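Visitor: Please take a close look at the aromatic pairs of this structure, and place them in the setting of the whole chain.

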Amino acid sequence: MLARTEAEQLVSTVPTEPYVAGRWVSGQSIDTFDVIDPVTERRLTTVAAAGAREVDEAVSHARSALDEGEWGRTDGSARALLLHRLADLIEARSEEFATLESLDIGKPGFEPRAIDLPQAIGAFRYFAGWADKLEGRSVPTSPYMGRPTHSYTVREPVGVVAAITPWNSPTMIGSWKIAPALAAGCAVVLKPPEDAPLTSLLLASLIEEAGFPAGAFSVLPGLGAVTGQALIEHPGVDKISFTGSPETGYKVAVAAAKGFRRTTLELGGKSPQIVFGDADLDEAAQGVAVGIFANQGEVCAAGSRILVARSVYDEFVERLVVRARDIKVGDPFDEDTTMGALINARQLERVSQYVAAGIDDGARLIAGGGRPDGKGFFVEPTLFADVDNTMTIARREIFGPVGAIIAFDSESEAVAMANDSDYALAATLWTSDVSRAHVVARRVRAGAVAINGWAPLDPRLPWGGSKLSGQGRELGWAGIEANTEEKTVTAVLSYAPDK
């Protein structure tokens, strides 16, 4: 792991301009914004912000690349080769990506090394495997006016995809959007998060190095209200893939509806972790703690509602408190640190307000609740016991290291509470009864249910939710379907058999 001073020097090697159709764009007409280190609160770098002009240029070049350019003529096997080459380049420079994520986001380096980067590399390699296998179907059809017919379908790229990524895991979630779209032959215009744009800009330089044709990929750093808004409203965009808050997701859906354009929306969650009385409590406590505190709790699938069987409630709470108090909050570049800083001052204020709401609602604060002295957007790992499922901290997505522990008396009550939420993204079950695990997994409403392990991601598995958690799926074959259109071709044959 690099020292902090070495990591900060790495930032100077990352491009800081929009990347549009094979060239880096700069000029006096482009605004700028600062990227802030959430640990030191100092400026890491200044990035050029794309405006409406750059958005229009990127989308226009993407359309040309598809309709009349080299990218539209690139077949599946060639796209696969490019994606494999890109995966190799990311892997070779994975330490740089992990370091930049620690600086940009505030997460300890072991997290992107163990999760984000392997998942991103795996996604590009997985979808490279699909690129030359996008087959259609031959469909037997009835004669037309007495003449035989031959009907089949083909899968074609949906077109220009606007990909808008969040700041909590920009490399991994960016790969979920970019890899299937490029594999399908779409052109991608990426809008990275303004709080953490550096790994997306590094990725653009590797896409250029891999040899993707101009226009196949562009990256437009900038503010959501300016760059993001211009991108989702651009009539040349055929699909919008967005990960973020329900409030912004609604704006994306409204903008897309005006042109009847496709969307994939992943909008967060308030995921339950159900601990049954027969669970291995040590294993469950460790897993539940990871589900709450990983990435400072800034995770869409964070298991922040902990539903615990009353028969083991007190014992489990004690074990979970020990796990919370063992967490070392600090600089991600200190080897002993196990939890870093929140992304910015706004998020720190948001989390602090939810902690205050938990206390006001009568929940029992049993760990954390405060913040360390000094610089940085840090907050302590926080746990509330004796929570009611109607309390604010049990209903709202906090996006911080705050867990709400709720007791239940029966399996049916646990399932009812798990489903009593405005979100339906993920859930985790902790039990030694394999039959119960599969029965409850069917009953819990969530896009993904994990058994005896929190959120085991894999590029082969579809990811997404329903209700306020969004619509559509990323990854797996669903990622290909989300980026292709199925075209039907029917030929009326002139051949007439002898009578």
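Guide: The answer begins with the overall fold and then turns to the aromatic rings and two backbone positions.

The model is predicted, so local features need pLDDT of at least 70 and side-chain atom pairs count only at pLDDT 80 or more, while totals for chains, interfaces and linings use all residues. Residues are numbered from 1 along each chain as its sequence is written, and side-chain values use heavy atoms, with hydrogens and water left out.

The protein contains 17 helices and 22 strands, taken as DSSP runs (H or I of at least four residues for helices, E of at least two for strands) and numbered from the N terminus. Its radius of gyration is 24 Å, close to the 23 Å that the globule rule gives for 499 residues, so the protein is as compact as a globular protein of that length; the radius is taken over C-alpha atoms, and the rule is 2.2 Å times the number of residues to the power 0.38. The C-alpha trace spans about 80 × 65 × 40 Å along its principal axes. Of the 499 residues, 57% count as buried, that is, under 20% relative accessible area, with exposed over 50% and partly exposed in between (1.4 Å probe, protein chains only).

Seven aromatic pairs are present in the structure. Rings of Phe, Tyr and Trp (its six-membered ring) pair if their centres lie within 6.5 Å; planes under 30 degrees apart count as stacked, over 60 as edge-to-face and the rest as tilted. One of the pairs joins Trp-71 and Phe-212, with ring centres 5.8 Å apart and planes at 50 degrees, so the pair is tilted. This pair links distant parts of the chain, 141 residues apart: Trp-71 lies in helix H3 (residues 70-73), and Phe-212 in the loop between helix H8 (198-210) and strand E9 (217-219). Both Trp-71 and Phe-212 are buried.

Trp-130 and Trp-477 form another tilted pair, with centres 4.8 Å apart and planes at 50 degrees. Here Trp-130 in helix H6 (residues 110-130) meets Trp-477 in helix H17 (residues 476-481), 347 residues apart. Trp-130 counts as partly exposed at 24% relative accessibility, and Trp-477 likewise at 30%.

Two backbone positions complete the picture. Gln-296, not a glycine, has a positive phi of about 60 degrees; it is found in the loop between helix H11 (281-293) and strand E13 (305-309) and is buried at 0% relative accessibility. Phe-399 also has a positive phi, near 60 degrees, and lies in the loop between helix H14 (392-395) and strand E16 (402-408).
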